[in-house]
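Work through the exercises below with the sequence and the model open. Try each task before you read its solution.

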Amino acid sequence: MRFSQTFIPTLREVPADAVVVSHRLMFRAGMIRKLSNGLFAYLPLGLRSFRKVEAIIRQEMDAIGALEIKPSVVLPGELWKESGRWQTFGDAMLRVKNRLGTDFVVSPTAEEAFTSIVRDELSSYRQLPLVLYQINTKYRDEVRPRYGVMRGREFVMKDAYSYNIDDASLDRSYQDMGRAYRKVFKRCGLSVIAVKADSGAMGGSGSEEFMVESEVGDNTLLLCRDCNYAANVEKAACKPDNAPAVATLVPIEKIATPEVKTISELCAFLKTGAKAFIKTLIYRAINVELDLSSAPGSSKLAKQRPAPEAPAVYPEAFFAVAIRGDLDVNEQKLAALLKASELTLASDTDVERITSAPVGFAGPVGLIMVPLIADETVVNMNNAVCGALAKDLHYAHVACGRDFTPWLVSDVRTVKAGDRCPVCGGDLYEKKGNELGHIFKLGYKYTRSMRVSYLDENGVSHTPTMGSYGIGLDRTLASVIEEHHDDDGIIWPMTIAPYQVILVPIKYEGAVKETTDRLEQELETAGIEVLLDDRNERPGVKFKDADLIGIPLRVVIGDKNLALPQASVEVKRRGEKEARVIAVSDLVAALAGCVMRERMALHA
Ligand code: ATP
Ligand code: MG
């Protein structure tokens, strides 16, 4: 391809909203342009690399026997009503009506679409396991699209869905996918960390996310210094570090705490540490799927059943959460426990209504309006301080089990750096990460609500279990740039470089032009992708652009080297300082070898 004939609008300036390297470089290298907030166009150079990521993913999916299909992107709202997600998905889903007023969804994910296809075609256990995938457009109405294509509103996802007869078969599909994902990321030149992830809200039983380390990562990861434990903070657990319970119980006592509201004010007032307190927070949860029939106040809660076989959903419910005073509640863990689609701290008005006290005096003793969830750290506390549900009053010497009984006990704390690894007790530390892919054992959530069945060898009907597996292509591509760049621009790994070689004639005329054109031909014949910078620009401009767009191998063709006893050119690896002088006659073989070696090196 000739530079003058393609469309690579490189820029020196950076748009004001481009705060991360990949966004800046994709823009400056002429790979993308913005159409609107979260909506982009890939230009020719960007699209070439995008297609390479796509090809790698497709090869690795095909290699594990996953079968590609291509459903429409606009999907019938009917299917989402069947699964119950029409109500629970929230505002990220773009809903549209056609001219007849029928509801449609612009696919934010596709469990329903795939499951409806499988439902119609599945009859026998012999058809299982079945793993289908698509590489297709998704739309999510992200509240805050940012970092360029890292978090867009429209993006492309490879999403795969497995249908399996039992947990063992699901586990095999899940493990195959995990291995395929590792290969995909390795081939893209990415170092990923697989972390345990939250799977509760969707009702699954196992989930792993593939993360790349990033300063602007949306996820906090907890990693063990001593073993390979790695988890998203949404899921991370730690070894219990309960304060020892006192041997002799002291009767509960009401104490006056005038003008004291926060834990730190209370610590100062009572001259104790935060670990002696039970902090109680009131939460409002939306679309709760947890069974609340045994919970206090449940008789007043409205219930909905979105699909015939779907579990009951409580559109709105309030909860109190008690946790040791030095810890924070992890809202993702809590949402997963409640199987809630949304969770927020209750408003001051709701807190006052539920606790019959001003904000700041909530406590578990005598709290009867809402179900009480206690973090595991609270269970053995038997000499604690907590709010007394009245202005300027606290309780001292509170014992869990004696003075209050939680409705549910669970791990809802936020694990932090310095906590102990749940596996080996080692020291946990934190990293920020960006999620590139996610594998997920969904279980029966969709196959049950959408009534999928097959017959076993005895003619008995069963429901298959299901897994769901996604990789974001745009985010993967941007992450490659995050990991491979320098001050001058992108440094593509050979596997996804838009071109493998850039030919830069010092002056595109005469003998230089002749040699350049011949080399272009020969390299292309050898299967190498070549960009020829035929522009009438100063060499400095061409070198700067070559560095910016990050082509792995740069060949400079100039009169001086051509005039050597053995006509030569200069070859430089992007990212390396030194160039090498190579005889023109050896060039094609040398470059072909280099391209091959570098591609193979990234193969798992
Ligand atoms: P996130 O937590 O980042 O919003 P998610 O957990 O909602 O992502 P999944 O539903 O697991 O995402 O989707 C699978 C993959 O799709 C993600 O791992 C990511 O690579 C990609 N992805 C999701 N949302 C976006 C987005 N807004 N822009 C680009 N890629 C995205
Ligand atoms: Mg995810």
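**Exercise 1. A glycine and its surroundings**

Leaving aside its neighbours within four places in sequence, which residues is Gly437 in contact with?

*Solution.* The model is predicted. Start with the strand: Gly437 lies in S21, which runs over residues 428-443. Next, list the contacts beyond the sequence neighbours. They are Tyr181, Phe185, Glu208, Glu209, Phe210, Gly470 and Ile471. Then check accessibility. Gly437 has a relative accessibility of 1%, under the 20% cut-off, so Gly437 counts as buried. Finally, take a residue far away in sequence. Val19 is 418 residues from Gly437 along the chain, and the two C-alpha atoms are 23 Å apart in space.

**Exercise 2. The aromatic residues**

Find how many aromatic pairs the whole structure holds, then describe the pair formed by Tyr181 and Phe185.

*Solution.* A search of the whole structure gives 6 aromatic pairs. Tyr181 and Phe185 make one that is edge-to-face. Their ring centres are 6.2 Å apart, and the planes meet at 85°. The angle is over 60 degrees, which is why the pair counts as edge-to-face. Now place the two residues. Both lie in helix H6, residues 167-187. They are 4 residues apart, about one turn of the helix. Is each ring's residue buried or exposed? Tyr181 is buried at 0% relative accessible area, and Phe185 is buried at 0% as well. Last, extend the group: Tyr181, Phe185 and Phe210 form one aromatic cluster. Tyr181, Phe185 and Phe210 are also among the contacts of Gly437.

**Exercise 3. The magnesium ion**

Name the residues that coordinate the magnesium ion (ligand 2), and classify each by accessibility.

*Solution.* Glu435 coordinates through OE and His438 through ND1. The distances are 2.4 to 2.6 Å. Glu435 has a relative accessible area of 23%, so Glu435 is partly exposed. His438 is at 16%, under the 20% cut-off, and therefore counts as buried.

**Exercise 4. A buried lysine**

Where does Lys333 lie, and is Lys333 buried or exposed?

*Solution.* Lys333 belongs to helix H8, residues 331-338. The relative accessible area of Lys333 is 9%, so this lysine is buried. Now look at what surrounds it. Beyond neighbours within four places in sequence, the contacts of Lys333 include Val233, Glu234, Lys235, Ala236 and Ala237. Asp411, Val412, Arg413 and Val415 complete the list.

**Exercise 5. Charges over rings**

Which ring does Arg353 lie over, and which ring does the charged end of Arg448 sit over?

*Solution.* Arg353 lies over the face of Phe318, at 5.2 Å from the ring centre. The charged end of Arg448 sits over the ring of Tyr444, 4.4 Å from the centre of that ring.

**Exercise 6. The whole chain**

Give the domains, then the overall figures.

*Solution.* The domain assignment gives domain 1 as 53-219 + 433-481, domain 2 as 253-410 and domain 3 as 491-603. The centres of domain 2 and domain 3, taken over C-alpha atoms, are 66 Å apart. The protein has 15 helices and 31 strands. Its C-alpha trace spans about 100 × 65 × 50 Å along the principal axes. Of its 604 residues, 53% count as buried. The protein exposes about 26700 Å², with carbon and sulfur atoms supplying 51% of that area. Among contacts between residues at least 6 apart in sequence, 72% join residues at least 24 apart.

Note on methods:
Residues are numbered from 1 along each chain as its sequence is written. Chains are lettered from A and ligands numbered from 1 in the order in which they are written. This is a predicted model: local features need pLDDT of at least 70, side-chain atom pairs count only at pLDDT 80 or more; totals for chains, interfaces and linings use all residues. Side-chain values use heavy atoms; hydrogens and water are left out. Domain bounds come from an automatic or database domain assignment. Rings of Phe, Tyr and Trp (its six-membered ring) pair if their centres lie within 6.5 Å; planes under 30 degrees apart count as stacked, over 60 as edge-to-face and the rest as tilted. Helices (H or I, at least four residues) and strands (E, at least two) are DSSP runs, numbered from the N terminus. Buried means under 20% relative accessible area, exposed over 50%, partly exposed in between (1.4 Å probe, protein chains only). A charge sits over a ring if NZ of Lys or CZ of Arg is within 6 Å of the ring centre and within 35 degrees of the ring normal. Contact means heavy atoms within 4.5 Å. Accessible areas come from the Shrake-Rupley method with a 1.4 Å probe; for residues, only the protein chains shown count as cover. Donors are N, O and S atoms within 2.8 Å of the metal (3.2 Å for Na, K and Ca); water is not among the atoms, so sites may look incomplete.
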